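Let us take a friendly walk through a protein chain. Keep the picture open beside you as you read.

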Amino acid sequence: LITVKELYKNKEQYLGKEVRIGGWVRSIRDSKAFGFIVVNDGSFFEPLQVVYHDTMDNFAEISKLNVGAAIVVRGTLIATPQAKQPFEIQAEEVEVEGASAPDYPLQKKRHSFEYLRTIAHLRPRTNTFQAVFRVRSLVAYAIHKFFQERGFVYVHTPLITGSDCEGAGEMFRVTTLDLENVPKNPDGTVDYTQDFFNKETSLTVSGQLNGETYAQAFRNIYTFGPTFRAENSNTTRHAAEFWMIEPEIAFADLDDDMMLAESMLKYIISYVLEQAPEEMNFFNSFVDKGLLERLNHVVNSDFARVTYTEAIDILDKNNDKFEYKVSWGADLQTEHERYLTEEVYKRPVFVTDYPKDIKAFYMKMNEDNKTVAAVDCLVPGIGEIIGGSQREDDYDKLVARMKEMNLNEADYEFYLDLRKYGSTRHAGFGLGFERCVMYLTGMQNIRDVVPFPRTVNNCEL
Ligand code: 4AD
Ligand code: MG
């Protein structure tokens, strides 16, 4: 079988020749002696029309096909200069691989994204979702390519863990205990020593802590895998299961971290614009009219930089515009992040040096003792896409901070060891993969860039 994309890319080579394609019927109409089928094979969204004739043995069977049927077509590729599409297949044979029932949910009209979410198993057969998931696949490849070309080692960090990296208590517990019959400690708490791992465990919220240990051996590493958060936020940018890319670099500080993040984002954007021009044009026409202009601008300009304290000054002067008023010490909400990146800077912006109280325990304390060497990267249309920091590399300071935050030192012994045996300046960040795909496609809802989304109250399929 050849792909429709290949026919489009190298059309001269195939015109007048016999080709075979396999795909799903998008539409079908017949008259007495012949009929037309539009087929899509998932490689490209330009429709491919197939013309078939009553000289075929199974003409009646073909004519009865419904939208959604799977067929294999053999025939000659013929140029059609007057038609919208440059060619069609004059079929010699149409094999029906699998018929489709008449209640096939995807009909020719445009369906809403909300409706398509209810048929997540069939929505990849629509143009929009084919574009989204081809681009998602390409973005993943671009990210690996970026890091591998720079000698970063890809580390597989565990999904089941005994520590809470972000300290936000948003973990999904992993247990084999029988809920009806949970063993209890004398004080009434659950006795996890009788559980599978002999301790309390959860799905990871981040691979960072494990990643850091490998950065202290390989210098530059990255993780790329699923992470889980039981955040009770029902928004368009939060999922309970999402993928994260977490590079970690040794002998490096926050500046190096930002340079890495900026070159990575620019690389991914350029790569996708180059490798998926049809998909990107499709998004620009049907999903987000300003997309290409915006992305091209990003590739060709420097990201802005502002400290949290400066950002609060700017936001405070505009507080009448926000639902939530900000003041120093408060975390930025999406509306504030979007205001900064969309109204003030009109491009991606790094916000640095957040108050220690709203950030995780592992971030390096600044000299003011009030802020930490943290960085968030905010982008138009989304807000935070990256969160990172320079890490606390001083043993005593880290222990003191963990005490302050009531962390159980025993759970982090391995992590503290790194500060004992050849501690280096080091930094890293986490890129939310889905948010990155949203940013590149202009799609507005995280549920529409994950094949099978898991969000509050939703774990279908
Ligand atoms: O800012 P976060 O929480 O940072 C970390 O997890 C660090 N351990 C990263 C590091 O320094 N190695 O998460 C990083 C990114 C966010 O900027 C966001 O893009 C994404 O992960 N993210 C989510 N994406 C979808 N759904 C959620 N619930 C997300 N939570 C975070
Ligand atoms: Mg964050």
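A residue is called buried if its relative accessible area is under 20%, exposed if over 50%, and partly exposed in between (1.4 Å probe, protein chains only). At 52% relative accessibility, asparagine 369 therefore counts as exposed.

Some ground rules come next. This is a predicted model, in which local features need pLDDT of at least 70 and side-chain atom pairs count only at pLDDT 80 or more, while totals for chains, interfaces and linings use all residues. Residues are numbered from 1 along each chain as its sequence is written, chains are lettered from A and ligands numbered from 1 in the order in which they are written, and side-chain values use heavy atoms, leaving out hydrogens and water.

**The whole chain**

The chain has 14 helices and 16 strands; these are DSSP runs numbered from the N terminus, with at least four residues (H or I) for a helix and at least two (E) for a strand. Its C-alpha trace spans about 85 × 60 × 45 Å along the principal axes. Of the 461 residues, 51% are buried. Contact means heavy atoms within 4.5 Å. Among contacts with a separation of 6 or more, 67% join residues 24 or more positions apart.

**The sheet and its helices**

Which order do the strands of the open eight-stranded sheet follow? The order is β6-β10-β11-β16-β15-β14-β13-β12, with mixed pairing. Its edge strands, β6 (153-154) and β12 (304-307), each pair on one side only. Two strands pair if DSSP finds at least two bridges between them. Strands of a sheet pair through backbone hydrogen bonds, either parallel or antiparallel. β11 (residues 241-250) and β16 (residues 426-432) are antiparallel partners, joined over five bridges; glutamate 248 has glycine 428 in β16 as its bridge partner.

Helix α5 lies across β6, β10, β11 and β16, and runs at about 155° to β10. Helix α11 (residues 334-344) also packs on the sheet, where it touches β13, β14 and β15 and makes about 65° with the direction of β14. Such angles run from 0 to 180 degrees between N-to-C directions, with axes fitted to C-alpha atoms, for helices over the stretch in contact. In α11, His336, Glu337, Tyr339, Leu340 and Thr341 are buried, and the buried residues of this helix pack against α10 (308-316), β13, β14 and β15.

**Two helices that meet**

α5 (residues 127-149) packs with α14 (residues 433-441) at an angle of about 115°, their axes being 10 Å apart. Val135 and Ile143 are among the α5 residues that meet α14, whose own contacting residues include Phe433 and Leu440.

**A buried valine**

Is valine 298 buried or exposed? At 2% relative accessibility, valine 298 counts as buried. This valine is found in helix α9 (residues 291-299). Beyond its neighbours within four places in sequence, valine 298 is in contact with Lys266, Ile269, Phe303, Pro348 and Tyr439.

**Positive phi angles**

Here are three residues to find in the picture.

| Residue | Phi | Place |
|---|---|---|
| Phenylalanine 251 | near 55° | loop between β11 and α7 |
| Lysine 346 | near 55° | follows α11 |
| Asparagine 369 | about 60° | loop between β13 and β14 |

Phenylalanine 251 counts as exposed because its relative accessibility is 52%. Asparagine 369, with its positive phi, is not a glycine.
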